[in-house]
Amino acid sequence: MSTLPVYRWRFAPDGLATRRQLRAQGLRPGGQDVAAQLERPRRRRGPLVAYLYRVDLAKPVRPMTPDRWAALAKANDARRLCPACERDAGYVIPTTLGTCVPCVDQGPQGADG
């Protein structure tokens, strides 16, 4: 197993891009392996690391089909449904709470109590 080439911040060669840079160009890595690593030094902590991919091997982003839009909407609706009171909270319920805020405020007696 060979090690990845490491470049300092802003010194990566042309033809390599991060995932965000690929996405801005309408591309995705498309299953290719990481080509290099980019490091940004920080004080008192380890460097920030970003992986670089070859732009020439990148593939176009898959378009959103009506079925994919519907699946995304269904998933987002499920994240808004409170499991305790079974009502739409009007916002995505935080995973740290697990229920909507009114159910958390009511405590262990439940939403109906």
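These legends accompany close-up views of a predicted model.

**View 1. Strand β1 meets strand β4.** Strand β1 covers residues 6-8, and strand β4 covers residues 36-42. The two pair in the parallel sense, over three bridges. One contact to look for is R8, whose bridge partner in β4 is E39.

**View 2. Strand β4 meets strand β5.** On β4, pairing with strand β5 (residues 45-54) runs in the antiparallel sense. Six bridges join β4 and β5. Among the residues to pick out is R40, which has L48 in β5 as its bridge partner. β4 thus appears in two pairings: parallel with β1 and antiparallel with β5.

**View 3. The β4-β5 hairpin turn.** β4 and β5 form a hairpin. Two residues lie between the strands. R44 sits in the turn and has a positive phi of about 60°.

**View 4. C85 and C82.** The cysteine sulfur closest to that of C85 belongs to C82. The distance is 3.6 Å. A disulfide needs the sulfur atoms within 2.5 Å, so this pair is too far apart for a bond. C85 has 17% relative accessibility and therefore counts as buried.

**View 5. C100 and C103.** For the sulfur of C100, the closest cysteine sulfur is in C103, at 3.4 Å. This pair, too, is too far apart for a bond. C100 is buried, with a relative accessibility of 5%. The structure as a whole holds zero disulfides.

How values were computed. Residues are numbered from 1 along each chain as its sequence is written. This is a predicted model: local features need pLDDT of at least 70, side-chain atom pairs count only at pLDDT 80 or more; totals for chains, interfaces and linings use all residues. Side-chain values use heavy atoms; hydrogens and water are left out. Buried means under 20% relative accessible area, exposed over 50%, partly exposed in between (1.4 Å probe, protein chains only). Two strands pair if DSSP finds at least two bridges between them. Helices (H or I, at least four residues) and strands (E, at least two) are DSSP runs, numbered from the N terminus.
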